[in-house]
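Biologist: Could you take me on a close look at a single part of this model? I would like to know how one strand sits among its neighbours, and I am happy to hear about the surroundings too.

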Amino acid sequence: MTDIPEQPLLHSFRVFPEDPAAVPKARRLLLSVVRGWNLPLTDETQDDLELLSSEVIANAVLHTTGPCSVTVRWTGVRLRVGVTDTAPGLPAPRSRELYAESGRGLLLVASVAASWGSARTATGKVVWFEVAPAVATAGLDRLAS
């Protein structure tokens, strides 16, 4: 692992919901930016970043009609991803039946992210999550912490 950069790093870009490949393109761009920063993230944390960013970007694309913006920021301690869209309603995790095909995304975010939340903005909302450099943990052990 390398030394952890102390200075904040920031990158933002737009996502256009009308593009059928918007979510995978945005996820690849985000991961490329983070890898370029050479942060000390384990493979597991990078996998979590990929999963969580896919979830929050897909939710924004699904629930808004205008462009979304993605901001990824290294705070010096954690990596924070925020997705802003034009839909006014704040998300809330919902209980779903065991075999439901959708509706578990925020439960996943809440279980895997170091921290997450949402806030209203002047034009809609932002949903964010954070991941942190960490030692690798096995399977369900990390979900229990």
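Modeller: Gladly; what follows starts at strand 3 and then moves outwards. Please keep in mind that this is a predicted model.

Strand 3 covers residues 79-85, and five of its seven residues are buried. It has a partner in strand 2 (residues 68-74), which pairs with strand 3 in the antiparallel sense over six bridges. These two strands form a hairpin with four residues between them. In the turn you will find glycine 76, with a positive phi of about 100 degrees. Across this pairing, arginine 73 stands opposite arginine 80 of strand 3.

Arginine 80 is worth a second look, since it also lies over the face of tryptophan 128, at 3.6 Å from the ring centre. If you were hoping for ring-to-ring pairs as well, the structure holds zero aromatic pairs.

Strand 3 is also joined to strand 5 (residues 125-131), by seven bridges, and here too the strands run antiparallel. In this pairing, aspartate 85 stands opposite lysine 125 in strand 5. The side chains of lysine 125 and aspartate 85 make a polar contact at 3.0 Å. Is that lysine buried or exposed? Lysine 125 has a relative accessibility of 5%, and the cut-off for buried is under 20%, so it counts as buried. As background for reading both pairings, side chains in a regular strand alternate between the two faces of the sheet.

Now let us step to the loop between helix 2 and strand 2, the place of threonine 64. At 9% relative accessibility, threonine 64 counts as buried. Its C-alpha is 5.3 Å from that of alanine 87, although 23 residues separate the two in sequence.

Going back along the chain from that loop brings us to helix 2 (residues 43-62). Its 20 residues reach 28 Å from the first C-alpha to the last, close to the 28 Å expected at 1.5 Å a residue. Among the buried residues of helix 2 are Asp48, Leu49, Leu52, Val56, Ile57, Ala60 and Val61.

Helix 3 (residues 105-112) has a buried set of its own: Gly105, Leu106, Val109 and Val112. Seen down the axis of helix 3, these buried residues fall within an arc of 140 degrees, so they line one face of the helix. The general rule behind such a pattern is that an α-helix has 3.6 residues a turn, so residues three or four places apart point the same way.

Definitions and conventions
Residues numbered from 1 in each chain as written. Predicted model: local features only at pLDDT ≥ 70, side-chain atom pairs only at ≥ 80, totals over all residues. Heavy atoms only, no water. Buried < 20%, exposed > 50% of the residue type's maximum accessible area, 1.4 Å probe, protein only. Arc of directions from axis to C-beta. Expected span 1.5 Å × (residues − 1). Phe/Tyr/Trp six-rings, centres within 6.5 Å; stacked < 30°, edge-to-face > 60°. Lys NZ or Arg CZ within 6 Å of the ring centre and 35° of its normal. Pairing = 2+ DSSP bridges. Polar contact = N/O pair within 3.5 Å; in protein donor to acceptor, adjacent residues only side chain to side chain.
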